[in-house]
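Open the model in your viewer and set it to a cartoon view. The stops below say what to select and what is found there.

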Amino acid sequence: MVRTLRSLPDPRALSAYLGELYGLRFTGCELLRSLVNDVYVLTTGDVRYVLKLYRYDGRHPDEIRWEAGLSEHLRSTGLLVPAIRPLPSGDLLGVLDAPEGPRPFTLSEFVDGTTPRPPFDDDLYAAFGAQLAAFHDAADNYSSPYRRRPADVAHRLDEPLEQILAIDRAEENLLRELAAAVRNNVAQYSDHGVCHGDVTLDNVLLTPQGLLLLDFDLAAIGPRAADFTGVASTPYWSSFKSGYWKRRPIAASDEAAIPYLRVVGRIFNLRFHLVDKPTFRGTESRTEGWAAGELEALRQDAAEIL
């Protein structure tokens with residue numbers, strides 16, 4: 001048999017397997033999304049659940065236990081995040097035997113809500129800033145017996161950069177100069193702690209209870225200012241900042257770090273589009289425009305910080 005890189009479980013078989021595992025009677029199961037991980041929605045008589053099936057050989061199971069533990073810790077502080085259903089053993093994580101190898105998964109309660117859509121406004125971004133500050137406050141007290149790879153320069157910049165250059169050296173000078181600029185300014189990143197890792201409105205739901213934060217797939221300990229990089233380039237940065245400041249200050253040194261951490265994030269994303277995504281979407285995905293967009297943004301960053 002030819003080795004499998006990535007399988008896609010049949011929803012009916014998955015429903016039966018999970019029903020027995022959790023002691024639930026699922027009446028429906030459908031694939032919602034398949035990208036980095038596979039996401040399914042499962043239904044019982046009156047409750048819906050979301051299964052997040054992680055890809056094989058992505059993160060170690062204990063790293064995902066760190067992530068699941070963070071989610072439950074945030075809930076315990078009153079922050080709106082989806083509730084993870086534990087297995088009868090109490091473990092928040094299960095493992096599915098797939099053709100390519102063991103694939104970890106979590107099962108969370110489905111949350112009714114809507115993703116914010118344009119036109120956006122200052123009030124939404126002020127609430128978003130306050131929500132991120134609440135996340136950072138709550139995460140300050142998180143501890144775990146499990147280890148998660150940190151969001152440091154080695155893992156989010158150096159490692160992705162070398163993987164990019166192993167397949168495409170066309171922009172090597174640009175990327176190495178930007179990476180050097182980041183390293184030369186790393187000392188000014190003063191506020192380290194648990195970061196969300198992907199702070200965009202795509203990871204927020206509008207619910208009757210308020211904004212709910214989703215997707216801790218990239219959460220890790222690192223420079224907190226990295227969580228500002230996406231919003232700082234929008235017209236709503238001032239509103240976001242004012243909402244954040246109502247709960248938590250932003251040091252001048254951390255705000256000064258944003259352009260450098262934006263470079264880290266873009267090189268990390270460029271690795272995804274050039275290296276990771278082609279393994280499950282094919283090399284044709286490199287021409288979809290995402291990689292080209294990141295490179296153009298990095299050229300603009302170079303004009304600002306070099």
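The tour goes from the whole chain to two helices and a few loop residues.

**Whole chain**

Keep in mind throughout that this is a predicted model. Start with everything selected and coloured by secondary structure: the chain has 9 helices and 9 strands. Along the principal axes, its C-alpha atoms fill a box of roughly 60 × 50 × 40 Å. Is the chain's radius of gyration what a compact globule of 306 residues would have? The rule gives a value near 19 Å and the chain has 20 Å, so the two agree.

Now colour by burial. Of the 306 residues, 47% are buried. Turn on contacts, leaving out pairs with a separation below 6: residues 24 or more positions apart account for 71% of what remains.

Switch to a surface view. The accessible surface is about 15100 Å², and carbon and sulfur atoms hold 51% of it. Then select the charged side chains: 33 are positive and 43 are negative. The centres of these two sets lie 2 Å apart.

**Helix 3**

Select residues 122-139, which form helix 3. At 1.5 Å a residue, its 18 residues should span 26 Å; the end C-alpha atoms are 26 Å apart, so the helix agrees with that expectation. Show the side chains of its buried residues, among them L124, Y125, F128, L132, F135 and H136. Further along the list are A138 and A139, which are buried too.

What do these buried residues pack against? Select helix 2 (61-76), helix 6 (229-232) and helix 7 (237-245), then add strand 6 (192-195), strand 7 (204-207) and strand 8 (210-213): the buried residues of helix 3 pack against each of these elements.

Stay with A139 and pick T77 as well. Their C-alpha atoms are separated by 9.3 Å, although the two residues are 62 apart along the chain. T77 sits in the loop between helix 2 and strand 4 (94-98). With a relative accessible area of 43%, T77 is partly exposed.

**Loop residues with marked backbone geometry**

Go next to the loop between strand 5 (101-109) and helix 3, where P119 lies. Show the backbone of P118 and P119: a cis peptide bond joins them, with omega about 0 degrees.

Select D57, in the loop between strand 3 (48-53) and helix 2. Its phi is near 65 degrees, a positive value in a residue other than glycine. Is D57 buried or exposed? It counts as exposed, because its relative accessibility is 63% and the cut-off for exposed is over 50%.

A second aspartate with positive phi is D215, where the angle is near 60 degrees. Find D215 in the loop between strand 8 and strand 9 (220-223). D215 is partly exposed, with a relative accessible area of 32%.

**Helix 5**

For the last stop, select residues 172-184, which make up helix 5. This helix has 13 residues and reaches 18 Å from its first C-alpha to its last, close to the 18 Å expected at 1.5 Å a residue. Show the side chains of E172, L174, L175, L178, A179, A181 and V182, which are buried. To see what covers them, bring back helix 4 (153-167), helix 8 (252-281) and helix 9 (290-305), which are included in that cover.

Notes
Residues numbered from 1 in each chain as written. Predicted model: local features only at pLDDT ≥ 70, side-chain atom pairs only at ≥ 80, totals over all residues. Heavy atoms only, no water. Helix = DSSP H or I, 4+ residues; strand = E, 2+ residues; numbered from the N terminus. Rg over C-alpha atoms; globule rule 2.2 N^0.38 Å. Buried < 20%, exposed > 50% of the residue type's maximum accessible area, 1.4 Å probe, protein only. Contact = heavy atoms within 4.5 Å. Areas by Shrake-Rupley, 256 points an atom, 1.4 Å probe, with all protein chains shown as cover. Lys, Arg positive; Asp, Glu negative; His and termini not counted. Charge placed at Lys NZ, Arg CZ, Asp CG, Glu CD. Expected span 1.5 Å × (residues − 1).
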